[in-house]
Amino acid sequence: MKLVTYCQSRTDWDLLKAGKPCEVILTPKALSRFGKLSFEECVQLANEMRELGFRTLLEWDLLMVESSWNSLRPNLTASFLANFSAVRVQDLGALNFLHKNFPEVLIQPILETSFHSYSAIAEIVEFLGESLDRVILSLEIPKEELSKILTKLTVPTELLGIGPLLLFYTPRSLLSAQFQNEDIRDRLLVGASQESPHKGFPLLENDRGTFMFNPKNHCLLENFNELQEFGLSHLRIDLRNKMEWYSLAAGLFSNYSRENVEKLKEGSGEKYLQGYYRVNKSDVLFKKLKNQRLIPMDQNYLGDILDVEKKAYIALHLNSSEKTIKIGDELEIKTPEGKSKVFRISEMMDANRQFLKEAKSGMVYFPHLSSISIRSKVFLREKT
Amino acid sequence: MGTPELLAPAGNFEKLRTAVLYGADAVYLGGQNFGLRAASENFTDQELDAAIKFAHDRNCKVFVTLNSFFHQKDLETLPEFLQYLEALGADAAIVSDLAAVKLITRTSRIPVHLSTQASCNNSQAASFWKDQGVQRIVLGREVSLYEAQSIKEKSGLEIEMFVHGSMCMSYSGNCVISNYTQGRDSNRGGCAHSCRFEYQIEDPSTKQKKNSFFMSSKDLNGIGVLSQYIEAGIDSLKIEGRMKSYHYTGTISKVYREALDYYSLHNSFSKSPREYWDRELEKVSHRSYSEANLLLPAGPDTVYDEREHVDNESQVLGRILEVHSDFLLIEVRSAFEIGDTLELVPFIGAGESVLLTSIKSVLDLEVKRTRPGTTVKIPLIPGAAPYNLLRGLS
């Protein structure tokens with residue numbers, strides 16, 4: 001497994017040389033969310049890196065509206081792009097643009113957002129064909145699924161090994177308005193929710209937008225050997241604000257040990273999580289978001305109880321004009337509280353208090369039944 | 001120049017009926033799976049059948065949301081649902097996941113609309129999705145009307161834009177706060193709306209602290225730039241809000257229906273009853289309004305730096321269930337009493353104020369004050385129709 005990491009400055013580059021990453025990600029300010037380099041600096045560094053045998057990657061992870069795109073377009077020439085071994089993109093517009101206009105440019109699609117299935121990843125692999133360099137995979141894919149995906153994929157793959165976890169990204173400037181008397185741009189602030197126990201969210205505003213990170217960083221380095229066995233080809237080390245720990249992180253690739261992982265984690269002063277690596281159950285709570293008893297999962301659903309007058313009537317609003325109910329039919333009522341009651345229609349009236357023999361739509365009033373509340377669901381029982 | 005389609009939200013059958021009757025050209029709704037509103041009632045398979053028939057009988061299209069980001073196991077059950085939707089005659093599927101887009105285009109004839117979740121914000125991205133078989137793009141809310149026009153011209157695709165309702169502050173599909181703080185995947189329907197929370201923000205270097213709802217966006221209101229939507233050739237105007245009330249659905253649909261019809265008739269909005277429309281849009285629960293990114297990039301004034309509240313909503317008294325020769329049967333949602341002034345909200349045209357002189361129970365007994373969760377009879381109001389809304393006039 002190979003190491004990939006970021007270079008944001010010449011100082012970073014001096015640190016990186018010794019650690020010998022196989023690839024270095026260069027982050028131009030105009031294209032990268034957290035980039036600090038000018039295009040010229042990127043080219044200069046890329047040339048130096050190439051001379052020393054490093055692969056260089058240009059990061060283009062900004063999402064762009066049409067006007068930003070138009071202003072950027074003149075910079076994206078074949079000669080500029082030729083300075084880099086590959087370009088990393090998230091915006092599918094950027095991916096499409098590079099693929100169609102510069103077939104010689106190798107592309108690393110960042111599939112961390114919205115590509116959680118093998119099928120979706122495979123579509124991008126097929127679309128890019130020979131232009132594909134490798135795919136950057138989502139952190140929301142649990143390891144059981146990840147191993148299957150890595151077995152099926154025949155292209156190089158990458159995951160974040162250690163680094164911040166971005167939770168929120170907007171192009172709007174949200175923080176500077178809060179601190180009008182000081183320049184907070186490009187400075188890490190900290191947010192604490194006042195309505196939940198969560199605190200310690202790193203917040204950053206720069207000229208590309210506002211970003212919120214998870215209080216705990218992501219770390220999969222403990223699973224180094226397992227990921228290697230699954231067939232992952234690259235792990236990314238994102239220590240952009242902690243470059244002093246880079247050499248220790250890089251050392252893990254030549255001489256992996258759990259002790260050094262712990263040393264790195266402790267030394268960095270950050271807290272870490274593995275996110276959804278072990279299991280992803282982020283959809284299991286959905287059923288609790290609403291009263292399942294109010295979901296009429298039955299083809300014999302007739303409508304809802306809208307009114308209950310004790311000792312007088314219950315009122316059914318017939319939603320379905322497909323079904324006719326008649327005297328003698330058996331109905332089942334399911335209450336929001338989970339009770340169920342079956343009764344046979346002995347009499348029914350309309351709002352004019354006229355007795356009905358049958359009804360297909362509108363309001364129908366039955367003699368009162370105990371324990372029935374409004375919003376109960378009513379179903380026609382099949383005759384056996 | 002034709003007017004755009006008016007696309008309204010339908011969180012359940014009642015809201016669908018309201019949207020259709022109050023003038024939507026199309027509605028969007030979700031089944032029990034694959035959408036982004038897990039907390040909404042949504043539609044069972046049987047309800048979908050009835051909903052599509054109801055809408056189609058009234059020349060209204062139905063678009064079904066399948067716009068979650070799919071994991072592999074979710075994709076396995078999608079083909080059966082697609083078959084069902086195709087048999088019902090669903091007019092489009094709203095999708096954000098590439099695997100789902102390809103599955104639909106390869107195995108069914110249902111047109112695909114790309115969900116705003118895909119954050120398609122430029123013509124190159126639109127071109128990518130066109131190549132994948134997408135017919136319409138629901139643009140990200142970061143895109144201006146000017147940019148939307150350019151994307152439409154360059155891509156040749158149908159363009160849908162939000163015109164009214166709540167706004168994600170984040171690039172859609174790029175927010176995972178709920179995933180990591182609540183264990184609920186926001187991109188599979190579990191958004192906990194953490195962006196609406198109050199946060200304390202601290203600058204560690206100065207120790208300065210500020211409390212703010214800095215991630216909460218004001219609501220979008222596009223009524224003031226409707227002519228620009230039309231002139232830009234936007235094909236569909238989307239009202240956000242499947243989780244909102246039927247009062248919201250009805251009122252907003254009605255206002256935009258009337259505005260679009262006005263433009264259709266007069267080819268401009270000069271002398272339009274804009275103030276009336278504005279007043280109507282104020283009657284539903286909403287955050288402060290803004291035009292967000294429609295004309296200029298959204299600035300600091302588009303942040304809704306307040307706690308959520310609903311004190312600006314007109315009181316919904318109920319809806320008309322049946323119209324009889326001498327009375328209206330009302331489903332009561334909020335209490336009202338004899339002597340109150342009610343406002344009937346017809347499907348077309350201005351509302352009518354009526355002084356309530358009599359209320360009777362279903363058993364024809366006099367009622368002085370109604371109770372929510374009951375049905376009562378009030379005197380006939382000329383022009384009233386089943387499912388008209390009744391509001392209170394303060």
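How many residue pairs are in polar contact between chain B and chain A? I will start there and then move inwards. This is a predicted model, and the count between the two chains is 49 residue pairs in polar contact, with both residues at pLDDT 80 or more.

The chain interface, then. Chain B puts 99 residues into the contact, and chain A puts in 95 residues. Together the two chains bury about 8,200 Å² between them, and carbon and sulfur atoms give 55% of that area. On the chain B side, the residues that lose the most area to chain A are B:Q46, B:Y171 and B:Y180. Those three together account for 9% of what chain B buries there.

Next, the charged pairs. Between chain B and chain A there are 8 salt bridges. For an example to look up on the screen, take B:D131 and A:K100, whose side chains meet in a salt bridge with an N to O distance of 2.7 Å.

Now to chain A by itself. The assignment splits chain A into domain 1, which covers 2-162 + 218-273, domain 2 at 166-215, and domain 3 at 286-380. I will stay with domain 1 and domain 2. Their centres, taken over C-alpha atoms, are 24 Å apart. On the domain 1 side 9 residues are in contact, and they meet 10 residues of domain 2. The area buried between these two domains is about 810 Å², with 57% of it on carbon and sulfur atoms. Which three residues supply more than any others of the area that domain 1 of chain A buries against domain 2 of chain A? They are A:K29, A:R33 and A:F34, and they supply 62% of the area on that side.

What about polar terms at the domain boundary? Domain 1 and domain 2 of chain A share 6 residue pairs in polar contact, again with both at pLDDT 80 or more. By class, the side of domain 1 that touches domain 2 has 4 nonpolar, 3 polar and 2 charged residues. The rule finds 1 salt bridge across this interface. A:K29 also forms a salt bridge with A:D207, side chain to side chain, at 3.6 Å from N to O.

Last, the cavities. The count is 7 cavities of 30 Å³ or more. The largest cavity holds about 520 Å³ of space. Its lining has 32 residues, and the ones nearest the centre are A:R33, A:E112, A:T113, A:L166 and A:R236. So much for position; where does the lining come from? In chain A, domain 1 and domain 2 each contribute at least three residues to the lining of the largest cavity. By class, that lining is 15 nonpolar, 8 polar and 9 charged. A:R33 has now come up twice, at the boundary between the domains and beside the centre of this cavity.

The second largest cavity has a volume of about 200 Å³. There are 19 residues in its lining, and nearest its centre are A:Q90, A:L92, A:T113, A:S114 and B:A118. That list includes residues of chain A and one of chain B. A:T113 is also among the residues nearest the centre of the largest cavity. The lining of the second largest cavity divides into 9 nonpolar, 9 polar and 1 charged.

Key. Residues numbered from 1 in each chain as written. Chains lettered and ligands numbered in written order. Predicted model: local features only at pLDDT ≥ 70, side-chain atom pairs only at ≥ 80, totals over all residues. Heavy atoms only, no water. Domains from an automatic or database assignment. Contact = heavy atoms within 4.5 Å. Buried area = accessible area lost by both parts, 1.4 Å probe. Salt bridge = Lys/Arg side-chain N within 4 Å of Asp/Glu carboxyl O. Polar contact = N/O pair within 3.5 Å; in protein donor to acceptor, adjacent residues only side chain to side chain. Nonpolar A, V, L, I, M, F, W, Y, C, P; charged D, E, K, R; others polar. 1 Å grid on protein atoms, 1.4 Å probe; cavity = no way out; pocket = protein on both sides within 12 Å on 5 of 7 lines; lining within 4 Å. Points joined across faces, edges and corners; volume = space filled by probe spheres on them.
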